[in-house]
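Biologist: I would like to go through the labels attached to this model and hear the reasoning behind each one. Please put the value beside the cut-off every time.

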Amino acid sequence: MNDPTTHDLTLARLALASKAAGDPLRMGVMKLLGQGAFGVLELCQIFDIKQSSMSHHLKVLSQAGLVSNQREGNSIFYRRPLNTGDDAFSNWLRSLFRTMDAAHDDVDLSPAVSGVLAERAEACAGFFARHADDFREQQDLIASYEQYGDALATILDSLGYRPGQGSNSGYALEIGPGEGAFLQPLSKRFNGVTGLDISPDLLSKAETFCSNEQLSSVALVQGDTRSLLESQEKAGSYDFAVANMVLHHVPSPKSIFNDVAQLLHSGGTFLVTDLCRHEQVWARESCGDLWLGFEPADLSQWAEEAGLKEGQSQYSGLRNGFQIQFRLFHA
């Protein structure tokens, strides 16, 4: 059997991959994984089949190089393989995924998918509800805002967003502002700032912070990027958006890129500050992390698929073994 990690395209390898893909359920799984990573039990719930059957289908897809897996703590999540090559097989695979994504589903899986993502969001919101009073201490176990806040301000300055300049009349969006520390430098650089968070407890703390700092230009909204798009018709409203140490808490990180690409106007910028991929599993229990960081190539691919252009990047190592990535993407 050909090694699916190689990129040589032979008829035997193409036949293997085609045979693996040539099943309606497996095609459905591959199409779903275009939305992000899912665990075996989540896939069983979505497709309403037994775990043994789903495991068999995933094994067939894995052996053919059509899906990859990644361990997140005690769970294994399946996803589409990272596909950045320009060889014949990579191009064929991209073409296959594009065709699948354009095809109509035989069964509407969206209610089941929404249910799974809602369960993830509920678990995340439950953690923040339980730890709202000590969330800063929990987060400081990984990286405190004081460790990277100056770097964020420097990035804003490098983009031309400097405090007090009258020309800075645009609008900014912060996804998951937490207790609100970064809302202050944003409010000094933009005419208006929206702080968006799913946690009412953290929004309450952000509201207190804004009141104490007299940040009158900040509007705090409970919800996620999808609800912001749908209920408030904010498409194309923002010059700048930031997800600051948030993606590793988000049920579907890839969807953030898709939503932000619509929320930004042409020429707008998306700043992502998050952890690089790591194996410190304790962060899931102690800090409510759903994901153990991200490979830089993952963020690049999600941005590209959302229609965002990659800008500058920088990385900062921390003494506790974590590494932070600062990534810019432009609409």
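Modeller: A starting point is Phe38, which stands opposite Tyr78 in strand E3. Keep in mind that the model is predicted.

Biologist: What makes E1 and E3 paired strands?

Modeller: Pairing requires at least two bridges between the strands. Two bridges join E1 to E3 (residues 75-79), so the requirement is met, and the strands run antiparallel. The sheet they belong to is open, has three strands and follows the order E1-E3-E2 with antiparallel pairing.

Biologist: Why do E1 and E2 count as edges of that sheet?

Modeller: Strand E1 (38-39) and strand E2 (68-72) each have a single partner strand, so one side of each lacks a neighbour in the sheet.

Biologist: How do you know that a charge sits over the ring of Phe38?

Modeller: The distance part of the test asks for CZ of Arg within 6 Å of the ring centre. The charged end of Arg120 is 5.0 Å from the centre of the Phe38 ring, and it sits over that ring. Another case is Arg80, whose charged end sits over the ring of Phe97 at 4.2 Å from its centre.

Biologist: Why is the pair of Phe257 and Phe270 called edge-to-face?

Modeller: Ring centres must lie within 6.5 Å to pair, and planes over 60 degrees apart count as edge-to-face. Here the centres are 5.4 Å apart and the planes stand at 75°, so both conditions hold. Phe257 lies in helix H12 (residues 253-263) and Phe270 in strand E8 (residues 264-275), so the pair ties together parts 13 residues apart in sequence.

Biologist: What makes Phe257 and Phe270 buried?

Modeller: Buried means under 20% relative accessible area. Phe257 has 0%, and Phe270 has 0% as well. These two rings also belong to a cluster linked by ring pairs, together with Phe294, Trp302 and Phe329. The structure holds twelve aromatic pairs.

Biologist: How do you know which class the pair of Trp282 and Phe322 belongs to?

Modeller: The centres of Trp282 and Phe322 are 5.9 Å apart and the planes are at 75°, so this pair is edge-to-face. Trp282 lies in helix H13 (residues 282-287) and Phe322 in the loop between strand E9 (309-317) and strand E10 (323-330), so the pair ties together parts that are 40 residues apart in sequence.

Biologist: Why is Trp282 called partly exposed?

Modeller: The partly exposed class lies between the 20% and 50% limits. Trp282 has 35% relative accessibility, so it falls in that class. Phe322, with 1%, is buried.

Biologist: What makes strand E7 largely enclosed?

Modeller: Six of the seven residues of E7 (residues 238-244) are buried, so the rest of the structure largely encloses the strand. E7 pairs in the parallel sense with strand E4 (residues 171-175) over four bridges, and with E8, again in the parallel sense, over six bridges. Leu173 stands opposite Ala241 in E7, while Tyr238 has Leu264 in E8 as its bridge partner.

Biologist: How do you know that the radius of gyration agrees with a compact globule?

Modeller: For 331 residues the globule rule gives a value near 20 Å, and the chain has 21 Å, so the two agree. The C-alpha trace spans about 65 × 40 × 40 Å along its principal axes. Buried residues make up 50% of the chain.

Key: Residues are numbered from 1 along each chain as its sequence is written. This is a predicted model: local features need pLDDT of at least 70, side-chain atom pairs count only at pLDDT 80 or more; totals for chains, interfaces and linings use all residues. Side-chain values use heavy atoms; hydrogens and water are left out. Rings of Phe, Tyr and Trp (its six-membered ring) pair if their centres lie within 6.5 Å; planes under 30 degrees apart count as stacked, over 60 as edge-to-face and the rest as tilted. Buried means under 20% relative accessible area, exposed over 50%, partly exposed in between (1.4 Å probe, protein chains only). A charge sits over a ring if NZ of Lys or CZ of Arg is within 6 Å of the ring centre and within 35 degrees of the ring normal. The radius of gyration is taken over C-alpha atoms; the globule rule is 2.2 Å times the number of residues to the power 0.38.
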